[in-house]
Structure formats: structure tokens, C-alpha cells
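Ready for a few short exercises at the screen? Open the structure below, try each task yourself, and then compare your steps with the worked solution.

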Amino acid sequence: MKVVAVAIPDEVGEVVSHLKGKILIETSGRITPDNVVEYAKTRVDIISSGYITHSVKAIDMSLDVEKLD
């Protein structure tokens, strides 16, 4: 079983205190480099963050392959 919690670190810590070792606990949502340490301190099993990909700019690339004789 897997539980996903989107909450502030204090709320996550409360959940962890009740469920740690019984199930896999993941937290996600609004996790950034500025607050990831606070979430890590809660001792959750998994921290998911889309922060890295949310603001990335796309690049248009192509690769042409030609056979050499």
C-alpha cells in the first residue's frame, strides 16, 4: 500500500508518526529546493517534486542521420 500526502511538513510529520514502518509514505506538491529539507526531516519514505520540470524551457532539436559510403 502507498499513501500520497500533499500537506505542509508539520502535517506530514504527524502522519509519519502514526504510519511509519506500516506503509510506504510519499509526500508531494509544492516541494521546492527551499523547503525540501523540512520535508526530509519528517522521515517520509519518498519525496516527489516536479519543481525541476515545471519551469524548464523546451528546446527544438532534430538529428539527421545519413549513411556514409
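The exercises below go from the overall fold to single residues, and the model they use is predicted.

**Exercise 1. Overview of the chain**

Task: Find how many helices and strands the protein chain has, and in which order they run.

Solution:
- Step 1. Counting the elements gives three helices and three strands.
- Step 2. Reading from the N terminus on, their order is β-α-β-α-β-α.
- Step 3. Now look at confidence: the mean pLDDT of the chain is 85, and 90% of its residues reach 70 or more.
- Step 4. Among the elements, strand S1 (residues 2-5) has the lowest mean pLDDT, 54, while H2 has the highest, 94.

**Exercise 2. Surface and interior**

Task: Work out what share of the 69 residues is buried, and what share of the accessible surface belongs to carbon and sulfur atoms.

Solution:
- Step 1. Buried residues account for 19% of the 69 residues in the chain.
- Step 2. The accessible surface of the chain is about 5,900 Å², and carbon and sulfur atoms contribute 55% of that.
- Step 3. A nonpolar patch on this surface is formed by Val36, Val37 and Ile47, which together have about 200 Å² of accessible area.
- Step 4. Take Val36 from that patch: it sits in helix H2 and is partly exposed, because its relative accessible area of 31% falls between the 20% and 50% cut-offs.

**Exercise 3. The surroundings of Thr42**

Task: Decide whether Thr42 is buried or exposed, and list what it touches beyond its neighbours within four places in sequence.

Solution:
- Step 1. Locate Thr42 in the loop between helix H2 (36-40) and strand S3 (46-48).
- Step 2. Its relative accessible area is 11%; buried means under 20%, so Thr42 is buried.
- Step 3. The side chain of Thr42 reaches the backbone oxygen of Tyr39 at 2.5 Å.
- Step 4. With neighbours within four places left aside, Thr42 is in contact with Pro9, Val12, Gly13 and Val16.
- Step 5. For another pair, take Asp10 and Tyr39: they are 29 residues apart in sequence, and their C-alpha atoms are 8.7 Å apart in space. Asp10 lies in helix H1 (residues 9-19) and is exposed, because its relative accessibility of 65% is over 50%.

**Exercise 4. Salt bridges**

Task: Find how many salt bridges the whole structure holds, and say which parts the Lys20 and Asp45 pair ties together.

Solution:
- Step 1. Start from the principle: side chains of opposite charge can pair when their charged atoms come close.
- Step 2. Searching the whole structure gives two salt bridges.
- Step 3. One of them joins Lys20 and Asp45, with the closest N and O atoms 2.7 Å apart. Lys20 is in the loop between H1 and strand S2 (24-28), and Asp45 is in the loop between H2 and S3, so this pair ties together parts that are 25 residues apart in sequence.
- Step 4. Check the exposure of both partners: Lys20 is partly exposed at 31% relative accessibility, and Asp45 is partly exposed at 35%.
- Step 5. Glu38 and Lys41 also meet through their side chains in a salt bridge, at 3.5 Å from N to O. Here Glu38 is partly exposed at 41%, whereas Lys41 is exposed at 57%.

Terms used. Residues numbered from 1 in each chain as written. Predicted model: local features only at pLDDT ≥ 70, side-chain atom pairs only at ≥ 80, totals over all residues. Heavy atoms only, no water. Helix = DSSP H or I, 4+ residues; strand = E, 2+ residues; numbered from the N terminus. Buried < 20%, exposed > 50% of the residue type's maximum accessible area, 1.4 Å probe, protein only. Polar contact = N/O pair within 3.5 Å; in protein donor to acceptor, adjacent residues only side chain to side chain. Contact = heavy atoms within 4.5 Å. Areas by Shrake-Rupley, 256 points an atom, 1.4 Å probe, with all protein chains shown as cover. Patch = residues over 30% accessible without salt bridge, like charges linked within 9 Å, V, L, I, M, F, W, Y side chains within 5 Å. Salt bridge = Lys/Arg side-chain N within 4 Å of Asp/Glu carboxyl O. pLDDT = per-residue confidence, 0-100.
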